[in-house]
Each structure stands twice: as structure tokens, then as C-alpha cells.
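Please load the model in your viewer, with cartoon and side-chain representations at hand. The stops below are given in a suggested order of selection.

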Amino acid sequence: MSAFDVVVLGGGSAGLHVATEAAGGGKSVALVEAGLIGGESAYLACLPSNSLLLSAARGETWEDAVARRSEVTGGLDDSAAAGQLAGAGVTVIRGTGRIASPGTVEVQPAHPDEASVLLTYADLVIATGCEPVAPPIEGLPDIPAWTTAESLCSPDLPRRLIVLGGGAAGCELTQVYATFGSQVTLVEAEPALLPGEPAFAGDLLAAALRRAGAEIYLGLRATKAERTPEGLTVALEDGTRIEADRLLLASGRRPRLSGLGLPALGITVTPGMALPTTTRCQVPGTSGSGRVWAAGDVTGITHTHASLYQARVVAANIGGQHREADYSAIPRCVFTTPSVFAVGIVPEPARSAREDEFPEARPEDGDTGVWPEDGDTGAWADDGDTGVWADDGDTGVWAEDGAAEDSGVRESGVSAGLITARADLGDTARARLDQGDPGCLELYADAQTGVLAGAVAVGPDAASWMGEVTLAIRAKVPVTVLADVVHAFPTYGEALQSAVRELAAAWDAAAKPDRYERVIRAVSETGMETPEDDAREQHQDVVAEENSIGAIHEVPFEANEADAVDQELAVGFDDDDYR
């Protein structure tokens, strides 16, 4: 039995970061991982997907794009990442960990001939990621199908491809294969693509995918799949039959929690649901010795950047600091052309920020539909390093006392509490220069406070010029302050400027009557007299001071053109100002 201060289950982005930080703080750390060290984002998700998207945009051949993808992912070789962990003082154990009892983890080594190992811990970090969920389709196991991870490490370019799922991963891969020449059909059960966001985002993206040659079916579920001599056929619930050579599943994921031995700690989680955590990323209600933490996809937050954020929170708390996570401004990106960027809360009818981020993994079907190949490598993300679309990132977080944390998201009536402003990117000078299909954006402000609460943008490389919105939401900056921000010309940021000014004007107009009432009420409650009350008590009117208007004051210096001459001053343009 080996004793460690910290044991980390899962070696993706979150697990790797926690282990490295904890070891750097003087803790003895063991990291347990059966798959790729460093997380699937680097090997089977975000980076290979973005590599292919960029190659498609540059007009490269499929063969060159695959070669570039292999170069970016390092040929699925994680030895460098494992070496970095070892260099940081982390003990890396290749295998699968299971909680044997409070304070103890049993590891089954990856090599079948090796004996199991027992590890003790003072702090346990669960960062085991998520796994794909196969939708309940008759005949699915009998046809040639890919998970997203399998597609992103395959050299094959199918002639005909069906993509199930219109979230971020499904949309990105649809554009990849359609651009490189595949006949792609995208099927989404919801009425629009990106169903967690306002409809305009999905509509604009659907139009772009259709221009790339994809056929899109919305509001229809696949019900049956059959193998045929020519390939396969998928039937939709309205009777439509689609022929293809391969099926790509991008329709749902669930946290990878089965087999971890959570009941030994007194933790009961419904299959398919996220592991609950406090704002410090600690798992509440655990029994026995040792603290238990969680980071990444297991918490219901499915973005690499969010996983790293949680990892920093966990590492700080393990190191003796007190740090809490704030999920009000977690960006959500789709790296298609045009790209989609969203952050914060959005109005109904899109899902609220607290809805389940694993819609296809609800208990009724999520308990039996895990994709069978290998739960460790067939996932889009290992611990949060993912390009899978999520509603907002606020799912599964508990407050310190066990109540739902308020991250600025109202449980109901979100639409009624938001002021919306919209701007077309086509109105900017940058759009005229680019001569493309620019897109648009919407900003949402809290109607009660006048603080920016959310945003969605569809346009060229939207994430690069929407970063200031993330900062404004996290810092709770009033729209009246944002309206005074100057944006460079010519950039797409100018669209933000016009939308924020519209929000500020709308909030100011709506708030004036209420603001006056609040001031009067506050004055009355303090016992102070209003000017009118004071005047009545003194039986006199409030009048302007005599001779206070029209008085002429001497200016002891010259303030005209001659003054510049007298002082031998010259006014000219800055040498760097080409205008």
C-alpha cells in the first residue's frame, strides 16, 4: 500500500493540472489514468477538429489535412505529457482506479499480468471525464458507426455520411466532411441546431452548412438503422430514409462515473447525471476520512477551459487557500465558419443555464446506451477537454450549504428579466472589407441591475473579438460603463459598441421612473425632508440666488487664437495618424 497526500483519478486536462499544481505545492501526488495522459482534447477532440476545420478553410486536400492533424495531435503519443508529470514529481499509474473504502483507492493496472495496487489519500480528485451515449436506435450495433473520437483519428473520408446530433461537435464535423467532399446529412431531434442557444445562432449556422453542401433534417429523431449491400440506411420518425456509407454519433454524452466505487463514500448519483459539487468544487456528503473534489466533465461542465478553471480552484483549495468557482461567464464556442460564440445566460425559449448538459443521458435511456467499444477512448472528452456544446456550464453546482448556487441565473422568468439588443456585423466597415457573410450578435442585460448578463455572436472568428464580453459579465460591469468603451476601427468590435449603447439607452429609459421612486423612498425612510417639505415648513419658496445668473468673471489669461501665437505653440497631427 502506498500513501499519498493527493490521488487524482483521470489524467485529462483537469486531472493533469491539479496533479501538477499540487505536486508543485509540496504534496505527494499519484495520478491514475488508463487512457491518454493529457486529455482527449489534445488527441481526439478539440485540437484535431480545429485542425481539420482550418485545413478545410485553407482549401487543403484531405490527405494534407490528415497529415497536419496527425502532426498537431502528436500521433496519439502521450509520452511527452507523461514525462512532464513525472518531471513535476507526480507518480503516474497506468490503470483504472476504484474507491475501495474511504481514504483508499484500488488501482487495476492496464497490463493484465500486474497485480492491483492500493493507494491511500488525504484528498481525492475525481476527473474521469465523460463518455458517449448511443441513442436508442433499432439496429444501431449492426451498422458501421463512428464516435466523434473515432472519426477524428481515422484517415477515411466517407463518400456518404450521416451525422446524428446538431450540437457543436456535430456541426463542426458536418462542415469538415462536407467541405472535403463527403455527401453529409445532419440529423437533429430538436427544431434547431445548437438547441441550447437562441434560434438565430442555429439558423445562421444551418444556412452556412447548407452552403457547404450538407443536407439538414431538424425536429426528427432517427428510429431505425439497417445494413445494406451499398452501406447503411437510417430511418427517421416521419418515414424518411437516408442512405450512407457510415454513421457518426454526436448525439449525447454522460459523465463517466460508473465503476468508480462512489457508494463506498456514501455518494449516490443517478446514472447519466453529473457529480454534484460545491462552489469550491468539493463533493458534498461524503463519508469517512479524506476530502473528495471533482473537476471537468464529471461535474456537468463540458469545456476544456472550464475544466482548467475548476482544476485551478481545486488545486488552490487543496493547497490551503479558500477559492470558489463562478460559472456566470463560461464561454461556449463552435469553431465553424462562421463561428459561434456564446457566454452567460440567454433568453427563453433556449434552455436556461442550469438545465442538464447531457440531454441524451437521462435515466430512462442513459443507463444502457453507453457506446460499447471502450469507454476510455470512445469519448469526445476525457475530463472536460471538449468541443461538445453545453448550455451554459452552470449545471450540477451546489452551494456550500447544499443549496443551489446562485450564479446570476434566475431559475424561471429569465426572458422577462433580460433586455435584448441586436447588431448586424454587416453594418461594420470590417464586414465591407471582408466581403463575406458576416453574421450578427445579441447582447442581454439584467433588467433589474443594468449589468451585462449574456451574449451570443455568429461571425468570423467570433471568439477573438467577444472576449471583452466574457470579462464584462464576470466583472458585472454595467452597460452604461460599457457604452463608453472605444473600439478600434475597422473591427467587428464596433458592432458590440452599437449594441451596448442600445442596451444602455433601453435600461436607462426603463429604470428612470423606478429609480426616482427608490430615491424618494430612501429619503423618506431616513427621516430626511425633501426640498418641498422643507420649504413648506419655512413658509417660503425655493428660489435662485439673486445676481447668480449673468455674472461676468474675469479670465486672467488669453483663450483665443492669439494666445497660441503669443506662446509660440503649434497644433498639428500626430505623425502616426494616417487619417
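In which hand of crossing does H3 pass H4? The crossing is right-handed. Before the selections begin, note that this is a predicted model.

**Overview**

Display the whole protein as a cartoon. The secondary structure amounts to 17 helices and 23 strands. Of the 579 residues in the protein, 52% are buried. When contacts between residues at least 6 apart in sequence are considered, 69% of them join residues at least 24 apart.

**Stop 1: H3 with H4**

Select H3 together with helix H4, residues 62-73. The two helices pack at an angle of about 145°, and their axes lie 9 Å apart. On the H3 side, the contact is made by Leu47, Pro48, Ser51, Leu52 and Ser55. On the H4 side, the participants are Trp62, Ala65, Arg68, Arg69, Val72 and Thr73.

**Stop 2: H3 with H7**

Keep H3 (residues 46-57) and add helix H7 (residues 168-179). Here the packing angle is about 40°, with 9 Å between the axes. H3 and H7 are therefore oblique to each other, since the roughly parallel class requires an angle under 35 degrees. The crossing of H3 past H7 is left-handed. Show side chains for Ser49, Leu52, Leu53 and Ala56 in H3, which meet Glu172, Gln175, Val176 and Thr179 in H7. Leu52 of H3 thus appears in the contact with H4 and in the contact with H7.

**Stop 3: H1 with H9**

Next, select helix H1 (residues 13-24) and H9. Their axes are 8 Å apart and make an angle of about 30°. H1 and H9 are therefore roughly parallel to each other, as an angle under 35 degrees counts as such. H1 passes H9 in a right-handed crossing. The residues of H1 in this contact are Ser13, Ala14, His17, Val18 and Glu21. From H9, the contact involves Thr304, Ser307, Leu308, Ala311, Arg312, Val314, Ala315 and Ile318.

**Stop 4: Asp326 and its partners**

Move to Asp326, in the loop between helix H9 (304-318) and strand S19 (332-334). Which residues pair with Asp326 in salt bridges? One partner is Arg474, where the closest N and O atoms are 3.7 Å apart. This pair links distant parts of the chain, for Arg474 lies in helix H13 (residues 467-474), 148 residues from Asp326. Another partner is Lys476, with its closest N and O atoms at 4.0 Å. Lys476 sits in the loop between H13 and helix H14 (479-482), and 150 residues separate the pair.

Is Asp326 buried or exposed? Asp326 counts as buried because its relative accessibility is 17%, and the buried class covers values under 20%. Its partners fall in another class: Arg474 is partly exposed at 39%, and Lys476 is partly exposed at 48%.

**Stop 5: H13**

Stay in this region and colour H13 by burial. Its buried residues are Val469, Thr470, Ala472 and Ile473. Viewed down the axis of H13, these residues fall within an arc of 165°, so they line one face of the helix. As general background, an α-helix has 3.6 residues a turn, so residues three or four places apart point the same way. Following H13 is Lys476, which has a positive phi, near 55°.

**Stop 6: Ala342 and Met466**

Select Ala342, found in strand S20 (residues 339-344). Ala342 is buried because its relative accessible area is 0%. Now add Met466 and draw a C-alpha to C-alpha distance: the two residues are 124 apart in sequence and 8.8 Å apart in space.

**Stop 7: further salt bridges**

How many salt bridges does the structure hold? There are 16. One of them joins the side chains of Arg241 and Glu226, at 2.9 Å from N to O. This pair connects distant parts of the chain: Arg241 belongs to strand S15 (residues 241-244) and Glu226 to strand S13 (residues 222-228), 15 residues apart. Glu226 counts as partly exposed because its relative accessibility is 30%.

Finally, select Glu131, Arg254 and Arg256, which are linked in a network of salt bridges. In general, side chains of opposite charge can pair when their charged atoms come close.

Notes
Residues numbered from 1 in each chain as written. Predicted model: local features only at pLDDT ≥ 70, side-chain atom pairs only at ≥ 80, totals over all residues. Heavy atoms only, no water. Helix = DSSP H or I, 4+ residues; strand = E, 2+ residues; numbered from the N terminus. Buried < 20%, exposed > 50% of the residue type's maximum accessible area, 1.4 Å probe, protein only. Arc of directions from axis to C-beta. Axes fitted to C-alpha atoms, helices over the stretch in contact; angles between N-to-C directions. Parallel < 35°, antiparallel > 145°, perpendicular 65-115°, else oblique. Left-handed = near helix turned anticlockwise from the far one by under 90°. Contact = heavy atoms within 4.5 Å.
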